[in-house]
Each structure stands twice: as C-alpha cells, then as structure tokens.
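User: Hi! I have a new model open and would like to talk it through with you. Could you walk me along it?

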Amino acid sequence: MTKKGLALALATVMVWAIAVPAFGQANPFRDVPLDHWAYDAIATLAAAGLVEGYPDGTFGGERTFTRYEMAMVFARILARLEALLDQKIEARVGKLEEVVLPDGSVGKILRLTPEMERAILELVGDPERAGAVAGATVRLAEEFAGELELLGVRVAELERLFENVNARLTAVEQQLAEVRSMAETARGVADAANAAARAAEEAAAEAKAKAEWAWQLYERLKASGASDDDIVEALALASGVQGDADGAADRAYRARLAAERAAELADQIDQLSYDDARKALAEAVAKSDEARSEALRAMERAQRADQQAYRARLTAERALARVEALEEQVVEIARRPVIGGELRADYELTRTSNPDDGVRLDPRDAESDTIKDARKLDLTLALTTSFKPSEDTTVDGGVKARARVFGKDAGDVDDFDLANMWFDVTQPGRSFSALLGDLTGEDLVKGFNKYTLDADTYEARVDSADRRGAVLEARVGNFNGRLIASRLPSTVSDDGLYGIAAGFPVGEGMNLEANYLWWTEANRVASVRAYGELGRTTYDAIYARFNEDPAWDIDVKTAIGAIELGLNFREVAASFGPHNNPSDKDDRKPEELSHFGKLLDEDDGDLLWDERRYVAYAEAPAWIATLLAEKGRHDKTLAGDSWTDWTMFGFKDLDLLGFSVGARAYNDTRDNDRETQILRLDVSREFRLGLPFKFTATHANAKVTNLAAWQALPVRELLSWTEREQQHLSVGLAVEDYALTPAWTLSASVKTEKNPITDDEWTEPDSWKDKFEDDSNKPHWKHHRDTASLAVKFAATDALTLSAGYTVERWDTVGDGERNVSVYTTDVGANYTLKVAGADVALGYGYQLQEIAGGGIDHEASPRHTYSIGVKRQLLGATWDASYKLVTGRGEDESGKVKAVDQMAQLNVTYSLAESVDFTLNGKWGKSADNANASDDYYYSSIKAGFGIKF
C-alpha cells in the first residue's frame with residue numbers, strides 16, 4: 001500500500017472512531033498557523049490524543065513521517081477505536097437482559113432507546129461502509145504487523161474485536177426486525193379497532209334517527225287528537241327507542257376511545273424496546289377486543305331500537321287511522337271559538353275650581369291638558385273570541401258593554417249598554433274589519449289626509465259622550481278601503497259624520513288615495529292624494545275641496561346628475577280656516593273650524609288659510625362650495641292685495657382658510673310697491689385654544705324702498721322698523737358641553753348682536769328686532785344685545801349631578817347705541833337619585849333669578865324655585881310611582897304668575913292580585929295660588945280607581 005493509500009485509510013478510520021469534534025479548541029502547536037490548510041485536521045488529531053507533537057510544543061510538519069511514527073499513530077487509533085466502541089455500545093445499548101423470547105426459549109435482548117436506534121440503524125443501514133472500515137483496519141494491521149507487535153498490539157485480538165462488533169450488530173438488527181414486526185401487528189389491531197368503532201357509530205346514528213322518528217310520531221298523535229292509550233303507548237315506545245339510541249351512542253363513544261388508544265399504542269411501539277413492545281401489543285389487542293365488543297353491543301341496541309320503532313310505527317298507523325275516522329269531529333272542535341274577556345269597574349272623582357271649563361294640569365304650561373269635574377262609576381264587560389271557520393280563514397272579534405252606575409248624564413241607567421263591537425276576518429290576500437260603538441279621533445282618521453279629517457279637531461268639536469259610530473275597513477290585494485260614520489252633536493250637525501277613504505297603487509312608482517267626508521248638505525270635503533317615486537323623482541301631491549273652495553299641497557323633488565331640484569306649492573282657501581277668521585291668526589281654536597280638517601299652523605310647516613305660496617329651489621355642488629338658488633311667491637290673500645315675490649341665490653359650505661363660509665342675496669317685491677334687498681354672509685369655524693371653540697359671525701343688510709308703503713305699515717311693524725335701512729350683525733364665540741374632566745362639563749359663550757333676528761326669519765325685516773314685554777305689557781325693542789354666559793355641570797357621584805349657570809345681557813332699547821338695560825340671569829340646579837328602602841328616589845331642585853335694571857322696564861324680580869321628588873318601588877306585589885313638584889316665583893306663560901305658588905302631585909299604583917286580576921289607582925292634585933291676577937288662582941283633585949278580572 002502506498003503512503004497516499006495509507007493516509008486515506010487512516011483518515012477513514014479516524015473519521016469513524018473520533019466522536020468528539022475539536023473545532024473551537026486553542027491552537028495545539030505553535031508552528032501551525034491558524035490559516036494553514038491542514039490546521040483543522042491537525043487540531044482534530046491532537047484533541048483525540050492521536051498526535052502529541054514534540055516536547056518543545058511544535059508539530060514539525062515539514063519532517064518526514066517514518067513507519068514507526070505511523071505505527072505509533074495507528075496503535076493509538078486502534079486503542080481509541082476499541083475504547084470508543086465499548087463506550088458507545090455500553091452507553092447506547094446497555095447490558096443484555098434475559099427474557100422469554102416469542103418461541104418460548106430464554107434469550108437476551110438489548111434495551112433500545114431512540115438515540116441508540118438511530119445510531120445502530122445508521123450503521124446497519126450502510127453495510128458496505130461498515131465492511132470497508134473493518135477491511136481497511138485489518139489491512140492496516142497486517143501492513144504494520146511488525147511495528148504493532150512491538151507496540152503490544154496483536155492482529156488476532158483486532159480480528160476478535162471486529163467479530164464482537166459484528167455479533168453485536170447482528171443481535172441489534174434481529175431485535176429491530178422483531179420490534180418492527182410487533183409495530184406492524186399493533187397497527188393492524190388499531191385499524192381493526194377503528195373499523196369496529198365506525199360500525200358502532202353508524203349503528204348509534206341509525207338508532208338516533210329511529211328515536212327521532214318515534215318522537216315525531218308521538219307528537220303527531222298528540223296534535224291529531226288520538227286516544228290517551230295510544231298516546232301513552234307511543235310515548236313509552238319512543239322513550240324506549242330513545243334509551244336504546246342513547247346507549248348505542250354511549251357505547252360507540254367508548255369504542256371510538258378504545259380505537260384511538262390502540263392507534264396511540266401502535267405509534268408508541270416504534271419507540272419502545274422489545275419487552276415494552278410486547279406489552280403495548282397485548283394492550284392494543286385488548287383495546288381492539290373491547291372496541292369490537294362495544295360495537296356488537298351498540299348494534300344489538302340499534303336492532304332493539306329498530307324493533308321498538310317498528311312497534312311505534314304500527315301504533316301510530318292505528319292511531320292515525322282512528323283520527324281519520326274522527327276527522328269531521330276534530331275539524332268541528334277546531335272550529336269552536338276560543339272565548340276570553342275582562343270585567344272591569346272604574347271609579348272617577350274629580351273636583352276643580354272651574355267646573356264648567358276645567359283647569360290646566362300644569363299651571364306653568366299654557367298648552368297643558370285640562371281637567372274637568374267628574375263623578376262616575378262605570379262597569380265594563382268585554383268579551384273577545386277567535387276561531388277558524390276554515391283552514392285559511394281566521395276570525396277575531398269582541399264586544400264591550402258598559403253601564404254607568406252613577407255619574408254625569410247617567411240618569412237612572414243601570415243596565416249594560418253596548419259600548420262597542422269589533423271583528424276582523426283574515427284570509428290570504430284579503431281582510432275585512434269592523435268597529436261599532438264608542439270611537440276616538442284616532443279610530444277615524446286612518447287613511448284621511450289633514451285637509452279632510454284630523455283627530456284633534458274631531459275630538460275638540462265632539463264631546464266624548466257623542467263619539468259613537470262605525471268604521472268598516474277592507475283590504476283586497478293592494479286595495480284598501482274604509483267607511484266611517486259617526487254621530488255628531490246637534491250644535492254641529494243633525495245628520496252625522498260620514499266618510500270614505502280608499503288607497504291603491506295604479507302603477508309602479510304611483511299610489512293614489514281618495515277621501516270624501518260629509519256632515520251636512522252644505523258641508524263636505526273631497527280630496528285626492530298621489531305619491532310615490534318615479535326614477536329619481538319623488539312626489540307627494542294633495543288636492544282637496546271644501547264645498548267649492550280648493551286646497552293644494554304639492555312637493556316634488558328630483559335630481560339631474562348632481563343637481564337637486566325641488567318645487568313646493570301650497571294654496572289654501574279661506575274656508576279652511578276658522579269660521580270667524582280672526583284678524584290675529586294666533587288667536588284661533590280647533591272648535592272654531594267649520595270643517596274637520598287640521599287647524600293649520602305655520603309652526604307645523606303649514607300654509608295658513610286664504611294664502612298661496614310656491615317655492616322652486618335648486619342645489620348644485622360646485623368646485624369648492626354648494627350653489628343655491630330659490631324663487632318664490634307668497635300671496636297672503638288669494639285676492640292678491642297682499643303678497644311677496646322673492647328671489648334668492650347664494651352658496652354654502654365654502655372652505656376658505658379653514659372657515660366655512662356661506663352667502664345669500666335676497667330680493668323681494670311686496671304689494672307692487674315696497675321692495676326689500678338683503679345680503680347675508682355667514683362664517684363659522686371650529687378651532688382649539690386649549691378648549692374647542694366655535695366661532696360664528698353673521699352679517700345681513702336689508703334695505704326697504706317706497707316710503708308711501710313704508711308709512712302704511714301697521715303700528716306693530718312700525719315700532720320695530722324705524723329706518724329705511726337695517727343692518728344685522730352678530731359675532732359669537734362658544735364652547736359647548738366640553739368635558740374638562742370625567743366629572744366636569746363646561747359651556748360658555750359670548751355674543752354681540754345688532755338688530756337681533758328672531759326665529760332666524762332673516763327675510764322678514766319686520767321681525768329683525770327682538771321684542772320684550774314688561775309686566776305692564778309695554779313692548780321694548782332690542783336694537784343691540786350683548787350676551788355672555790357660563791354654565792358648568794358637575795357629576796359629583798353617579799347619583800348626584802350639580803349645575804350652575806350665569807348669563808349677562810346688555811340691551812339697547814332706545815336706538816342710541818348705548819346699552820341702557822342690564823339683564824342678569826342666574827340658574828342653579830341639582831339632581832340626586834338614590835335607593836331608599838328598596839325604592840328608586842329622584843330629587844331635583846332648580847333656582848332661577850332674572851334681574852332687569854334700566855330702560856324704564858317694569859319688571860319685578862322674583863326668584864323661581866322648583867322642587868321635585870319622584871319615588872318608584874315594588875311593594876306588597878304592586879308597582880308604586882309617585883311624584884310631587886312645587887314651583888314658586890316668577891312664571892313663564894303669562895305676567896299674572898309673577899309670585900305664584902304652583903303645586904302638582906300624582907300617584908299611580910298597579911297591583912296584580914292574581915295572574916288574571918289587576919287593580920289600578922291614579923290620583924292627581926294640583927293648586928296654583930298667590931298669582932298677581934287673583935282670577936288665575938285655581939285647584940283640582942282627581943282620583944281614578946279600576947278593578948279588572950280577565951278570563
């Protein structure tokens with residue numbers, strides 16, 4: 001062998017023998033540079049103890065390698081090899097253990113570990129490499145036999161060493177083959193267990209389906225009116241089938257667990273020794289047997305469930321046959337009506353200081369409901385029924401009878417009178433209903449528009465005792481029709497009130513409604529309404545005629561691209577107003593109307609009677625703003641002697657250096673002579689200066705021409721319009737509801753105004769100046785007004801909220817530019833909610849003081865105090881809700897309440913004595929005293945109690 005071949009063989013042996021890498025070690029020889037091409041190999045040999053170098057610490061890499069030196073290295077390799085083999089086999093394989101082998105004999109096995117298995121499999125899996133290593137080692141030993149013998153190494157011992165290694169490798173390979181065989185067997189067992197589990201699950205699912213079918217049969221028998229014996233038998237069978245299904249599901253679940261455990265054991269056998277593999281295999285077989293047993297029992301349960309389901313089917317078929325035989329009787333039972341109802345007794349006692357007209361429930365609210373004297377006891381019996389005369393027809397109905405035992409206008413009547421009767425018949429695509437007896441305004445007005453019939457007007461003109469009549473309503477497909485008839489008092493008509501309302505679609509995007517109302521030969525109203533949406537156009541139009549006078553109400557809105565266009569047209573004849581046509585249109589009442597339509601009100605967006613108005617408008621988004629245009633005319637008399645014709649154009653939402661800017665130019669001509677030109681500019685911006693402020697500024701300039709018309713203005717307008725040209729200017733800065741902390745909220749504002757505009761009616765210069773009437777009803781016009789206000793809220797706790805506000809106003813009521821009137825308003829409030837003895841209690845307090853100084857105004861400063869308490873609780877099975885409010889000091893609705901003391905109290909109790917028995921109690925008490933005008937003092941007290949039994 002050449003030295004080159006010997007070097008390669010030695011390298012092969014060393015790579016196989018050396019187990020510990022030498023990389024990262026310190027330089028072993030000082031004459032071997034770190035960047036030398038053989039540095040890593042030399043360091044590895046030195047770390048393994050195969051190369052020692054010379055005593056002076058050098059390697060001598062340039063010297064010739066003698067055979068004796070080579071033999072020394074080889075001897076070290078062999079010694080290292082034998083030690084490493086013993087060490088690796090002992091560490092990775094361990095000692096042999098005696099066990100009983102599968103054939104019954106006693107043998108030795110090796111304890112396998114995952115690390116050992118990988119190492120042995122690597123060696124056994126490459127026999128050519130192992131043989132080449134062994135052969136190279138023997139040849140090297142023969143080559144250096146002489147030198148090795150001098151070193152004490154014998155070739156025969158080397159051969160025995162390799163024979164020992166080969167024997168060990170053969171034993172390991174045999175054990176690995178046996179373990180693989182056990183793993184394959186365990187995998188088969190796991191597959192069998194899995195198949196058994198699937199069979200059990202299928203059987204359980206089938207049993208569950210049969211159980212559900214059995215329950216459905218049971219429910220069907222119950223609903224069809226079968227005999228009790230058949231139902232009980234079906235219930236027993238369904239319960240048995242359900243129990244079998246539950247048992248089958250439980251056993252299928254256990255079989256699945258056994259199969260999963262067998263699969264886990266099969267996976268673990270690959271990592272276990274021969275001894276552990278045998279134990280795992282035995283456990284897997286046991287789990288497979290258990291799964292098979294569970295599957296068999298589940299299938300037995302399913303078979304029994306099938307048998308019971310079959311019996312249930314037979315029972316159901318017998319029962320259904322009996323039901324079919326009794327079908328006519330069952331249908332007859334279904335047609336029988338279900339009857340319910342209620343018996344009530346209601347008592348009312350009310351006393352007021354004005355028995356004829358009554359008094360207001362809230363003295364501080366001029367629009368408050370009123371309360372009148374009453375003393376009565378009513379007994380009411382209501383019966384309701386519901387039944388199905390056929391499969392697709394449902395009939396609901398009821399009747400109410402009432403007897404007034406005593407009370408106003410009751411006389412000696414103590415028998416029950418028919419109060420009302422109603423019924424509804426419903427079929428697919430159609431329905432019919434009727435209501436007879438006592439009626440309210442809401443019962444009548446459905447389907448009628450505001451020009452024909454209004455609930456408030458009807459109830460204002462007809463007392464409750466006279467509100468009796470009938471309502472018939474039908475719906476067929478998309479068609480709806482109503483007929484109404486109501487009795488009227490003789491002061492209105494001796495003929496009664498009759499009406500018809502119908503609604504139906506006439507095409508896609510178009511709906512029609514028609515109304516007709518008649519109450520005397522000379523008084524009748526007819527109207528037609530069309531509404532809907534066609535393309536991008538929406539419309540709603542009403543045409544009404546009262547006697548011979550018309551009313552038009554039309555709204556149309558459309559869009560052409562991004563441009564929005566709209567038209568509003570209103571025309572209302574004078575007959576649609578009160579019959580006495582008061583000069584002041586604010587002084588009117590519904591009962592003064594000669595018709596039953598709505599009392600028209602500008603605050604509701606209505607056009608008043610004897611007026612006509614049209615407005616055409618457009619909005620178009622431009623580059624940086626939205627352009628506006630409007631053209632309108634308002635005839636304040638249809639005769640045309642008082643009118644306003646106007647044009648307006650401008651823009652809004654212009655963003656200019658962070659400011660939102662809007663501007664409008666308005667021009668009108670009034671009554672052919674007076675003209676008005678107005679320019680208005682609005683600027684606003686929100687910004688932060690530590691706080692979020694909102695800045696607003698408005699400037700408007702109005703100029704009126706034609707002095708002759710100017711001098712003809714009413715005195716009321718002349719007082720507010722003292723110059724031919726007016727300017728409105730306002731600048732304000734405000735912080736609104738800013739949360740300083742989670743508990744503190746701040747609102748603040750400052751504003752200065754010249755000729756303040758009231759209600760934002762900026763197109764009417766006559767109303768630019770705000771008016772104040774003092775206690776002697778003398779008007780004072782505000783030419784200038786400066787206002788500063790500050791308000792805070794403090795949530796002291798979750799239950800307590802405190803508030804305080806202070807406002808200072810300075811007015812110029814003379815027009816000289818000087819602020820001759822000072823107004824100081826202080827507001828303080830507190831609200832507290834708490835629980836006391838299980839009740840929810842709400843306490844409130846409010847204080848307001850307005851002081852006015854200067855300007856010759858007659859105003860008596862009087863602080864207003866408002867105290868309130870509310871209590872609500874469930875007690876003794878009843879719901880109790882009580883409240884009390886006391887207001888002292890200056891009023892809001894009229895000057896006669898400067899130092900009034902107003903009190904209002906109320907109690908509501910609802911008590912359910914039983915599931916179908918209830919008791920209600922309502923009490924009211926109120927008093928207004930110490931008014932400046934003594935005639936405004938009044939009181940009221942009322943108690944209502946009701947007792948009802950439902951059946």
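Analyst: Happy to! One term before we begin: helices and strands here are DSSP runs, numbered from the N terminus, and two strands pair if DSSP finds at least two bridges between them. Please keep in mind that this is a predicted model.

User: Good. Which two strands form a hairpin, with two residues between them?

Analyst: That would be β10 and β11. In the turn, G477 has a positive phi of about 65°. The two strands pair in the antiparallel sense over eight bridges, with β11 covering residues 479-486. Within that pairing, L472 stands opposite L483 in β11.

User: And which other strand is joined to β10?

Analyst: Strand β9, residues 430-438, runs antiparallel to β10, residues 468-476, and nine bridges join them. As one of the facing pairs, D438 stands opposite R468 in β10.

User: Let's change topic. Which residues touch the most other members of the largest nonpolar core?

Analyst: L453 and F596 do, in a core of 30 residues. The elements giving two or more residues to this core are α11 (441-445), α12 (455-461), β12 (497-507) and β15 (537-546). Of these, β15 gives the most, with three residues.

User: What does L453 touch?

Analyst: Leaving out residues up to four places away in sequence, L453 touches L444, V445, F448, Y458, I484, L517, F596 and G597. I484 is thus one of the contacts of L453, and strand β11 of our hairpin spans residues 479-486.

User: What lies apart from that core?

Analyst: Another core, of ten residues, lies apart from it, and V615, A700, W762 and W768 are among its members.

User: What about nonpolar residues on the surface? Which ones make the patch?

Analyst: L343, L381, L383, L913, F947, I949 and F951 make a nonpolar surface patch of about 550 Å². β6 (374-390) and β36 (938-950) each supply at least two of the patch residues. L381 has its place in strand β6.

User: Why does L381 count as partly exposed?

Analyst: Because its relative accessibility is 30%, and partly exposed covers the range between under 20%, which is buried, and over 50%, which is exposed.

User: I also clicked on S730. Is it buried or exposed?

Analyst: S730 counts as buried, because its relative accessibility is 6%. S730 lies in strand β24, residues 725-739. Setting aside residues up to four places away in sequence, S730 touches T696, A697, T698, K751, T752 and E753.

User: Now charges. How many salt bridges does a search of the whole structure find?

Analyst: The search finds 33. In one of them, E571 pairs with R612, and the closest N and O atoms are 2.9 Å apart. E571 lies in strand β17 (residues 563-572) and R612 in strand β18 (residues 611-621), so the pair ties together parts that are 41 residues apart in sequence. E571 is buried, at 14% relative accessible area, whereas R612 is partly exposed, at 24%.

User: Got another one?

Analyst: Sure. D346 forms a salt bridge with R344, the closest N and O atoms being 3.2 Å apart. D346 counts as partly exposed at 27% relative accessibility, while R344 counts as buried at 18%.

User: Which residues are linked in a network of salt bridges?

Analyst: K450, D553, D555, R570, K598, D604 and D606. Included there is the bridge between K598 and D604, whose closest N and O atoms are 3.0 Å apart. K598 is buried, with a relative accessible area of 18%.

Definitions and conventions
Residues are numbered from 1 along each chain as its sequence is written. This is a predicted model: local features need pLDDT of at least 70, side-chain atom pairs count only at pLDDT 80 or more; totals for chains, interfaces and linings use all residues. Side-chain values use heavy atoms; hydrogens and water are left out. Helices (H or I, at least four residues) and strands (E, at least two) are DSSP runs, numbered from the N terminus. Patches are made of residues with over 30% relative accessible area and no salt bridge: like charges are joined within 9 Å, nonpolar side chains (Val, Leu, Ile, Met, Phe, Trp, Tyr) within 5 Å. Accessible areas come from the Shrake-Rupley method with a 1.4 Å probe; for residues, only the protein chains shown count as cover. A salt bridge is a side-chain nitrogen of Lys or Arg within 4 Å of a carboxyl oxygen of Asp or Glu. Buried means under 20% relative accessible area, exposed over 50%, partly exposed in between (1.4 Å probe, protein chains only). A nonpolar core is a set of buried Ala, Val, Leu, Ile, Met, Phe, Trp, Tyr and Cys residues joined through side-chain atoms within 4.5 Å. Contact means heavy atoms within 4.5 Å.
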